[in-house]
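Welcome, and thank you for taking a look at this structure. Let us walk through it together, one part at a time.

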Amino acid sequence: MSMNNQVPARIANILINALKGGVVPRVGLEYITVGRAQEIAAILHDIDLISDGSASFRFIVGRYGSGKSFLLQTIRNYATAKGFAVVDADLSPERRFAGTKGQGLATYKELMQNLSTKSKPDGGALPLILERWISGIQATVKAQSDLEGEAFDLQVEKQIYAVAGALEGMVNGFEFAKAVVAYWRAYLNDDAAAKGNVLKWFRGEYPSRREAKADLDINFIVTDENWYDFLKLLAAFLVGAGYNGLLVLIDELVNIYKIPNSITRQNNYEKILTIYNDVLQGKAQHIGFLMGGTPQCIEDKYKGVFSYEALRSRLAEGHFAAEGIKDLSAPIIRLQMLTQEEMYVLVEKLRDIHAQLFHYAPTLSHDDLVYFLTVEYNRVGAETHITPREIIRDFIELVNILHQNPGTSAAGILGGNSFELAKGGLTDEDIHTEFVEFDV
């Protein structure tokens, strides 16, 4: 990245602070994306198919720190830019696909809390989506008639019933349609409390059907058992509201692998199988699932996804896939570590962003960057264990120290050892390799 390619100061600050803390920033990823061209292209192809009414399901598999969460967030940003609504959640001991203590519902609540769109990228987009939907119907009625006042409102309500009615053929669609109409009436009457009740219902926050019935006259709530059906309804509604579909991102599948009780684990894998089968059999539309996990939590035959035979038989690679040969149409996308050349491009970008953020001319030279990476890759065990996350954290620490201590040099901090270049290491010719990047 040249210094002419200015990164807004707010974004630069978020990038540097998040990466130093070892977490994936939710914004600005387009400024630091390197490599992953094939993987991103495959998922973007899925997104185009979802726009056309299909559904998709992928596992993104990579070691801790390999860029798995980074890729998921990059896709999230791309999808919202393409007119999708996106929900995302990290699994945890309290958030699973199924459980006896509301863990599936907890995952749904987290997904809905993180509902994002292009104009509301940080979550909490549900009210905005509902208002946009109503405004769209009002605009359509206005364009088609000269009605005003009560007659206009009646025609809008008729149109809302027609759109909501399209959902009624789906499982629990009638209740969903009733909630949508209830929101319209609250909107019409400017009734903030009634609006709040409908939003509470959509978010899965009603503890019992009795309370939902009392507040909304809806004898149905989101539960551990039906939350996936509800996401399918939401996807159908979103398309009616002018979005291209719904993308569901679920990370940290390792939390299912860690469940000690085998029956509970199997129940969770069964829920994954239900979603997977639904998608592949064409029973879901305008919805895509991306689930992130480590190789172990997928492949372990005792506790991983592959311990559930129905999933293993569907997901295991065929006879022709091998190390370094990818089938990017398969349901599992395996992330290879970024190459040393790609890491060079990344630290060069970070060097320039840091300098821009703190208003100084970059002091680290090409040779300094090569030397930094050489030191990193020559650590004991680095060949199999070092990850981009660790290298990025070390690099931001390095530029912070250099900036805060003007008398220091990179060589002084990194040490004077004369390392040879790491195995398969960097050459000047490699550094000038062009990398395909995606503007998100």
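A good place to begin is Phe289, which counts as buried because its relative accessibility is 0%, under the 20% cut-off for that word. Please keep in mind that this is a predicted model.

Phe289 has an aromatic partner. The rings of Tyr228 and Phe289 have their centres 5.9 Å apart and their planes at 55 degrees, so this pair is tilted. Tyr228 sits in helix α10 and Phe289 in strand β4 (residues 287-293), which makes the pair a link between distant parts of the chain, 61 residues apart. Tyr228 is buried too, with a relative accessible area of 3%.

**Aromatic pairs**

In total, the structure holds 17 aromatic pairs. Another of them joins Phe176 and Trp201 in an edge-to-face arrangement, with 6.5 Å from centre to centre and 65 degrees between the planes. Phe176 belongs to helix α7 (residues 173-188) and Trp201 to helix α8 (residues 192-202), so their pairing ties together parts that are 25 residues apart in sequence. Phe176 counts as buried at 0% relative accessibility, and Trp201 counts as buried at 1%. Here are the two pairs in brief.

| Pair | Centre to centre | Angle between planes | Type |
|---|---|---|---|
| Tyr228 and Phe289 | 5.9 Å | 55 degrees | tilted |
| Phe176 and Trp201 | 6.5 Å | 65 degrees | edge-to-face |

Ring pairs also build a cluster, whose members are Tyr108, Trp133, Phe176, Trp201, Phe202, Phe220, Phe230 and Phe237.

Some rings have a charge for company. Arg132 lies over the face of Tyr243, 4.1 Å from the ring centre. In a similar spirit, the charged end of Lys303 sits over the ring of Tyr257, at 4.7 Å from its centre.

**Nonpolar cores**

Which residues touch the most other members of the largest nonpolar core? They are Phe59, Trp201, Phe202, Leu246 and Phe289, in a core of 80 residues. Helix α10 (residues 227-240) supplies the largest share of this core, with 9 residues. Leaving aside residues up to four places away in sequence, Phe59 touches Leu253, Ile272, Met291, Ile298, Leu315, Pro331, Ile332 and Ile333. Apart from this core lies another one, made of 40 residues, including Val7, Ala12, Phe395 and Ile396.

**The sheet**

Strand β4, the home of Phe289, is part of an open sheet of 5 strands with parallel pairing, in the order β2-β3-β4-β1-β5. The edges are taken by β2 (85-90) and β5 (332-334); each has a single partner strand, so one side of each is left without a neighbour in the sheet. On average, neighbouring strands of the sheet are turned by 20 degrees against each other, direction ignored.

What is the partner of β2? It is strand β3 (residues 246-251), and the two pair in the parallel sense over 6 bridges. Within these strands, Ala89 stands opposite Ile250 in β3. Helix α4 (residues 103-113) lies across β2 and β3, and runs at about 135 degrees to β2.

**A loop to finish**

Is Gly282 buried or exposed? At 53% relative accessibility, Gly282 counts as exposed, since the cut-off for that word is over 50%. Gly282 is found in the loop between α12 (262-280) and β4. Although Gly282 and Ser54 are 228 residues apart along the chain, 7.3 Å separates their C-alpha atoms.

Note on methods:
Residues are numbered from 1 along each chain as its sequence is written. This is a predicted model: local features need pLDDT of at least 70, side-chain atom pairs count only at pLDDT 80 or more; totals for chains, interfaces and linings use all residues. Side-chain values use heavy atoms; hydrogens and water are left out. Two strands pair if DSSP finds at least two bridges between them. Helices (H or I, at least four residues) and strands (E, at least two) are DSSP runs, numbered from the N terminus. Axes are lines fitted to C-alpha atoms, for helices over the stretch in contact, and angles run from 0 to 180 degrees between N-to-C directions. Contact means heavy atoms within 4.5 Å. A nonpolar core is a set of buried Ala, Val, Leu, Ile, Met, Phe, Trp, Tyr and Cys residues joined through side-chain atoms within 4.5 Å. Buried means under 20% relative accessible area, exposed over 50%, partly exposed in between (1.4 Å probe, protein chains only). Rings of Phe, Tyr and Trp (its six-membered ring) pair if their centres lie within 6.5 Å; planes under 30 degrees apart count as stacked, over 60 as edge-to-face and the rest as tilted. A charge sits over a ring if NZ of Lys or CZ of Arg is within 6 Å of the ring centre and within 35 degrees of the ring normal.
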